[in-house]
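Please work through the following exercises with the sequence and the coordinates open beside you. Each task is followed by a solution that goes step by step.

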Amino acid sequence: MPKVTFLPGGRTVEVRPGSSILDAAWEADVDLPHNCGGVAACTTCHVWIEAGLESLSAIGDREDDKLDEAAGLAPSSRLGCQARVSDVDVVVRIPGNRIAS
Ligand code: FES
């Protein structure tokens, strides 16, 4: 199963393929805010993908629209609730002062 690692804390968890980054955060006991409940209606689950971008599901129109509102938008930005992991390990950085403890 693919692994998801959260930075800066470095916590790693194995997930079933098809799990979202938000699912992985739950599994890893990492605090990834998700104010809208995971329906791509906010940007609180915004993360940067440092490795394994090719493992993730394609960005849909709704995610694409919302990402434009994310602080610190980067080419590797994804919404954690929308990005689903396939079979390659992923390294995720949680932006700003949100710490993956
Ligand atoms: S939790 Fe709101 S967009 Fe992901």
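**Exercise 1. Salt bridges**

How many salt bridges does the structure hold? Describe the partners of some of them, and state where those partners lie.

Solution. The model is a predicted one, and the structure holds four salt bridges.

Step 1. As background, side chains of opposite charge can pair when their charged atoms come close.

Step 2. One of the four joins Arg84 to Asp23, with 3.8 Å between the closest N and O atoms. This distance falls inside the cut-off, since a side-chain nitrogen of Lys or Arg has to be within 4 Å of a carboxyl oxygen of Asp or Glu. Because Arg84 sits in the loop between strand 4 (77-79) and strand 5 (90-93), while Asp23 belongs to helix 1 (residues 21-28), the pair ties together parts that are 61 residues apart in sequence. Arg84 is partly exposed at a relative accessible area of 39%, and Asp23 is likewise partly exposed at 35%.

Step 3. A further salt bridge brings together the side chains of Arg93 and Glu50, at 2.6 Å from N to O. Arg93 is part of strand 5 and Glu50 of strand 3, so this contact links parts of the chain that are 43 residues apart in sequence. Arg93 is partly exposed with a relative accessible area of 27%, and Glu50 counts as partly exposed at 44%.

Step 4. Lys66 and Glu69 also meet through their side chains in a salt bridge, at 2.9 Å from N to O. To judge the surroundings of this pair, recall that buried means under 20% relative accessible area and exposed means over 50%. Lys66, at 19%, therefore counts as buried, whereas Glu69, at 53%, is exposed.

**Exercise 2. Cysteines**

How many disulfides does a search of the whole structure find? Add the accessibility of Cys45 and of Cys81.

Solution. Step 1. The search of the whole structure finds zero disulfides. The criterion behind this result is a pair of cysteine sulfur atoms within 2.5 Å.

Step 2. Cys45 is buried, with a relative accessible area of 2%, and Cys81 is buried too, with a value of 7%.

**Exercise 3. Backbone geometry**

Which peptide bond is cis, and what is the phi of Asp29 and of Ala40?

Solution. Step 1. For comparison, most residues other than glycine have a negative phi, and most peptide bonds are trans.

Step 2. The peptide bond that leads from Leu7 to Pro8 is cis, and its omega is near 15 degrees. Pro8 lies in the loop between strand 1 (3-7) and strand 2 (11-14).

Step 3. Asp29, although it is not a glycine, has a positive phi of about 60 degrees. The residue is found in the loop between helix 1 and strand 3, and Asp29 is exposed, with a relative accessible area of 59%.

Step 4. Ala40 has a phi near 60 degrees, again a positive value in a residue other than glycine. Ala40 is placed in the loop between helix 1 and strand 3; in contrast to the exposed Asp29, Ala40 is buried, with a relative accessible area of 2%.

**Exercise 4. Around the start of helix 2**

Where is Gly60 found, and which residues gather in a patch of negative charge on the surface?

Solution. Step 1. Gly60 occupies a position in the loop between strand 3 (46-51) and helix 2 (61-67). With a relative accessibility of 35%, Gly60 counts as partly exposed.

Step 2. Taken from C-alpha to C-alpha, Gly60 is 9.8 Å in space from Ala40, and the two are 20 residues apart in sequence.

Step 3. Asp61 is found in helix 2, and at a relative accessible area of 66% this residue is exposed. Between Asp61 and Cys36 there are 17 Å in space, C-alpha to C-alpha, for a separation of 25 residues in sequence.

Step 4. The patch of negative charge on the surface is made up of Asp61, Asp64, Asp65 and Asp68. Patch members must have over 30% relative accessible area and no salt bridge, and Asp61, at 66%, satisfies the requirement on area.

Conventions. Residues are numbered from 1 along each chain as its sequence is written. This is a predicted model: local features need pLDDT of at least 70, side-chain atom pairs count only at pLDDT 80 or more; totals for chains, interfaces and linings use all residues. Side-chain values use heavy atoms; hydrogens and water are left out. Helices (H or I, at least four residues) and strands (E, at least two) are DSSP runs, numbered from the N terminus. Buried means under 20% relative accessible area, exposed over 50%, partly exposed in between (1.4 Å probe, protein chains only). Patches are made of residues with over 30% relative accessible area and no salt bridge: like charges are joined within 9 Å, nonpolar side chains (Val, Leu, Ile, Met, Phe, Trp, Tyr) within 5 Å. Accessible areas come from the Shrake-Rupley method with a 1.4 Å probe; for residues, only the protein chains shown count as cover. Lys and Arg count as positive and Asp and Glu as negative; His and the chain ends are not counted. The place of a charge is taken as NZ of Lys, CZ of Arg, CG of Asp or CD of Glu.
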